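This report looks at how helices pack against one another in a protein chain. Please keep the sequence and the structure in view while reading.

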Amino acid sequence: MDAVRLIVTSRRALAGSDVGPDVMAEVWQAQALAQAIGSRLAMAGPPELRGEARGLTELASRGCGVLDRPDIVTEDLRATQLTELGDARQALMYLGGLLGEVGIALVGLASAADDEGRYWQCMEAIDAADESRDRVLDMLRRLADRDQALREREAG
């Protein structure tokens with residue numbers, strides 16, 4: 001399945017989750033998907049994105065690592081369903097939106113946490129989601145800079 005379809009599926013699932021464990025599972029799924037997209041971009045994406053994409057992979061991995069892994073069978077793990085990236089810019093725009101929504105969901109969980117461990121787990125996951133989103137925004141800026149340079153070369 002292409003990246004945008006998987007991201008849209010993740011956004012819907014996150015929006016439809018209303019209890020803590022379900023939200024945490026969707027947050028984990030989103031970070032795993034960000035990790036897979038980062039890995040795909042690092043290997044086969046535009047050359048100017050590869051370094052940032054490796055960074056995204058590491059940050060998203062950290063985002064998964066701070067959360068308890070949900071009990072999800074491999075076939076239901078969206079990251080394993082990623083077969084094609086499609087348009088890198090579009091995938092990154094959608095991924096940035098998903099990661100923003102992940103941060104918001106985690107703020108809600110942190111504020112409702114009834115124990116200190118869950119609170120700090122959410123706070124670390126918020127940091128990872130924010131840093132992952134920042135990395136995505138950096139990649140979008142790099143693509144815009146590349147396109148601007150190409151337009152200038154063609155015009156000049």
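Helix α2 passes helix α4 in a left-handed crossing, and this is a feature of a predicted model. The axes of the two helices come within 10 Å and cross at roughly 150°. Because angles over 145 degrees count as roughly antiparallel, α2 is roughly antiparallel to α4. On the α2 side the contact is made by Gly 20, Val 23, Met 24, Val 27, Ala 30, Gln 31, Ala 34, Ile 37 and Leu 41, while α4 contributes Ala 88, Leu 92, Leu 95, Leu 98, Leu 99, Val 102, Ala 105, Leu 106 and Leu 109. Sorted by class, the residues of this contact are 16 nonpolar and two polar, with no charged ones.

Two other helix pairs can be described in the same terms, and the table sets out the values for each pair.

| Helix pair | Angle between axes | Axis separation |
|---|---|---|
| α2 and α4 | roughly 150° | within 10 Å |
| α2 and α3 | about 160° | 7 Å |
| α4 and α5 | about 160° | 9 Å |

Helix α2 also packs against α3, again with a left-handed crossing, and the angle of about 160° means that α2 and α3 are therefore roughly antiparallel to each other. From α2, residues including Trp 28, Gln 31, Gly 38 and Leu 41 take part, and they meet residues of α3, among them Arg 50, Leu 56, Thr 57 and Cys 64. This contact of α2 with α3 contains 11 nonpolar, seven polar and two charged residues.

Helix α4, which covers residues 88–112, packs in turn against α5, which covers residues 116–155. Here too the crossing is left-handed, with α4 passing α5, and α4 and α5 are therefore roughly antiparallel to each other. Their contact has 21 nonpolar, four polar and four charged residues.

Which residues touch the most other members of the largest nonpolar core? Among the 46 residues of that core, they are Ile 37, Leu 41, Leu 95 and Leu 106. Each of α1 (3–15), α2 (20–44), α3 (50–65), α4 and α5 supplies at least two residues of this core, and the largest share, 12 residues, comes from α2. Leu 106 can be followed further: leaving aside residues up to four places away in sequence, Leu 106 touches Met 24, Val 27, Cys 122, Ala 125 and Ile 126.

A glycine of α4, Gly 103, offers another view of the packing. Is Gly 103 buried or exposed? Its relative accessible area is 7%, and since buried means under 20%, Gly 103 counts as buried. With residues up to four places away in sequence left out, Gly 103 touches Ile 126 and Ala 129. Gly 103 and Gly 38 lie 65 residues apart in sequence, and their C-alpha atoms are 18 Å apart in space.

The last residue considered here is Glu 48, which is found in the loop between α2 and α3. With a relative accessibility of 29%, Glu 48 counts as partly exposed, because that class lies between the limits of 20% and 50%. Setting aside residues up to four places away in sequence, Glu 48 touches Arg 142 and Arg 146. Glu 48 and Arg 142 are 94 residues apart along the chain, yet their C-alpha atoms are separated by 6.9 Å.

Conventions
Residues numbered from 1 in each chain as written. Predicted model: local features only at pLDDT ≥ 70, side-chain atom pairs only at ≥ 80, totals over all residues. Heavy atoms only, no water. Axes fitted to C-alpha atoms, helices over the stretch in contact; angles between N-to-C directions. Helix = DSSP H or I, 4+ residues; strand = E, 2+ residues; numbered from the N terminus. Parallel < 35°, antiparallel > 145°, perpendicular 65-115°, else oblique. Left-handed = near helix turned anticlockwise from the far one by under 90°. Nonpolar A, V, L, I, M, F, W, Y, C, P; charged D, E, K, R; others polar. Buried < 20%, exposed > 50% of the residue type's maximum accessible area, 1.4 Å probe, protein only. Contact = heavy atoms within 4.5 Å. Core = buried A, V, L, I, M, F, W, Y, C linked by side-chain atoms within 4.5 Å.
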